[in-house]
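Trainee: Could you walk me through one helix and how it fits in with what's around it? I'd like a close look at that part, and then a sense of what it leads on to.

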Amino acid sequence: MIPNFIFADEMMGYDFGWRHPLKPERLRRTIELLKAEHAIDPVRPEPADEADLYRVHSREYVDAIRRGTPDAEFGIGTLDNPVFEGMHEKSLWYVGGAVEAAKRVRDGASLAINISGGLHHAMRDQAGGFCIYNDPAIMISILRERFDSVAYIDIDVHHGDGVEAIFSDDASVMTISIHESGKTLFPGTGFVEDVGLAGTSVNIPLNAKTTGDVWLNTFEQVAPEAIKRFNPGAIVLQMGTDPHFLDPLGHLLVSAREWVDAVRVVRSFDLPIAACGGGGYNLTTVPRMWAAACFTLADMEVPSAIPAELRDMMEVESYWDEETPPPNALSQSAAQAAIDFHLARFRTEPQFPRHA
C-alpha cells in the first residue's frame with residue numbers, strides 16, 4: 001500500500017473548461033488505476049486554510065482570486081488562466097492536499113503524495129501557466145517548520161519558475177529544475193546561469209528534441225551532486241509527466257521508463273519526500289506514469305500490465321506501452337553545457353550558503 005496518499009473528489013473541481021489542456025480526467029484516471037491495483041487507501045484532506053495561502057501569496061492576490069473576475073494585474077482571465085466558477089474555493093482543495101501531505105512529512109512520515117498538485121508557475125501575486133495557487137511552495141514553507149533546509153526537485157518539462165521566484169532569496173531552499181529550454185518553451189526562463197539571489201537555484205535547460213537517455217544522464221550527473229552539496233533535510237518533488245515524447249505541450253523525447261528512473265534517483269537520496277503531480281496533457285501517459293512514480297517512491301514494484309478492466313480507458317495494455325521515440329534531431333550540447341557549468345560550480349562552492 002502506498003502510504004499517505006492524499007485525495008478528495010473535490011480536487012477534480014479545479015477545471016478551466018473542456019477546451020483547456022489541463023483536464024481533471026487525467027487525475028480521475030490515475031485514481032482509478034491505483035484503486036484497481038489496490039495500491040491506495042486515500043487520506044481525505046480538508047480544504048486549505050487561507051493562512052496557508054499567505055505563506056507564499058499576497059493578500060491582494062488571494063482577494064483577487066476570491067473575487068473571481070478577470071484581472072490582468074494578477075494574471076486572471078487569460079487564455080492560460082481563464083476564470084471558472086468557484087475558482088478560489090475549488091483551488092483550496094488541491095492546496096489542502098498539499099498542506100496535508102507536507103504536514104505528515106513535517107511530523108515524521110518518510111513519504112506523502114498529493115498527486116493533484118504541482119502547480120509550480122503561480123507567483124506571489126500572479127497566476128501563470130494553468131496555476132492559481134503555488135502548492136509546492138506551500139509544501140516547502142511547511143517543511144521548513146521542522147527542517148533547516150529543503151530541496152525542491154522539478155522534473156516537469158516546464159521550468160519551475162514560480163517556486164524558484166518565491167524562494168530566490170532564501171538560502172535555506174534549493175530549487176533544482178530540469179526542463180526544456182526557455183528558448184523554445186513557456187515560461188521562457190530557467191537558463192543555466194540563473195542561480196537565484198541566494199545562489200541556490202540549479203537550472204538544467206535542455207534543447208527541444210533531447211532524447212530520454214540524455215535527459216536522464218544529465219539529471220543523474222547534476223541532481224545527486226547538488227543534493228550532496230546542499231545536504232537538505234527533506235525534498236519536495238514535482239512530478240510533471242510532460243517530458244514524455246507523446247505530450248502535446250513539450251518537445252522532449254523522454255520515455256516513461258526514463259522518467260520513472262529519475263523518480264528512482266530522487267528516492268535513492270533516502271530523504272523524507274513530499275511529492276506532488278504537475279503537468280502532463282496526454283491521457284494515455286499521465287495516469288500510468290503517475291501511478292508508476294507512486295509505486296517507485298513507495299519502494300514497490302511497478303506492475304507490468306494495466307488491469308484488464310481499465311485497458312480500454314487507458315488505451316494501452318502495459319505501464320510501459322509506447323512507440324519508439326523519434327531520433328534526436330539536435331546535438332547534446334545544451335545537456336553537456338549544463339553538466340559542465342554545475343559541476344564546475346559545485347567544485348568551487350564546497351557547501352551552498354544557507355541560513356543557520
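Mentor: Let's start where α4 (residues 87-106) packs against α5 (residues 135-143): their axes are 9 Å apart and make an angle of about 25°. That makes α4 and α5 roughly parallel to each other (under 35 degrees; over 145 is roughly antiparallel, 65 to 115 roughly perpendicular, the rest oblique). Keep in mind that this is a predicted model, so local features need pLDDT of at least 70 and side-chain atom pairs 80 or more, while totals for chains, interfaces and linings use all residues. Numbering starts from 1 along each chain as its sequence is written, and side-chain values use heavy atoms, without hydrogens or water. Helices here are DSSP runs of H or I, at least four residues, and strands runs of E, at least two, numbered from the N terminus; axes are fitted to C-alpha atoms (for helices, over the stretch in contact), with angles from 0 to 180 degrees between N-to-C directions.

So who's touching whom? On the α4 side you'll find Tyr94, Val95, Ala98, Val99, Ala101, Ala102, Lys103, Val105 and Arg106. They meet Asp135, Ile138, Met139, Ile142 and Leu143 of α5, contact being heavy atoms within 4.5 Å.

Back up along the chain from α4 and you hit the loop that joins α3 (59-67) to α4, where Pro70 sits. Pro70 is exposed, at 61% relative accessible area (exposed is over 50%, buried under 20%, partly exposed in between, with a 1.4 Å probe and protein chains only). Leaving out neighbours within four places in sequence, Pro70 is in contact with Ile76, Gly77 and Val83. Gly162 is 92 residues away from Pro70 along the chain, and 21 Å separates their C-alpha atoms.

Now for the sheet. α4 also lies across β1 and β6, and it runs at about 175° to β1. Another helix, α9 (residues 286-297), packs on the sheet too, where it touches β1, β5 (234-238) and β6, with its direction about 165° from that of β1.

The sheet itself is open and has six strands, in the order β1-β6-β5-β2-β3-β4, paired in parallel (two strands pair if DSSP finds at least two bridges between them). β1 and β4 (201-206) are the edge strands, each pairing on one side only. From one strand to the next, the twist averages 10°.

Zoom in on β1 (residues 111-114), since α4 lies across it. Leu111 and Ile113 point one way, Ala112 and Asn114 point the other, and all of them are buried. In a regular strand, side chains alternate between the two faces of the sheet. β1 runs parallel to β6 (residues 273-276), and four bridges join the two. Among the bridge partners, Ile113 goes with Ala275 and Asn114 with Cys276.

For another helix pair, try α7 (residues 212-230) and α11 (residues 333-348): their axes come within 10 Å and cross at roughly 10°. α7 and α11 are therefore roughly parallel to each other as well. From α7, the contact takes in Val214, Asn217, Thr218, Gln221, Val222, Glu225, Ala226 and Arg229. From α11, Ala335, Ala338, Ile339, His342, Leu343 and Phe346 make up the other side.
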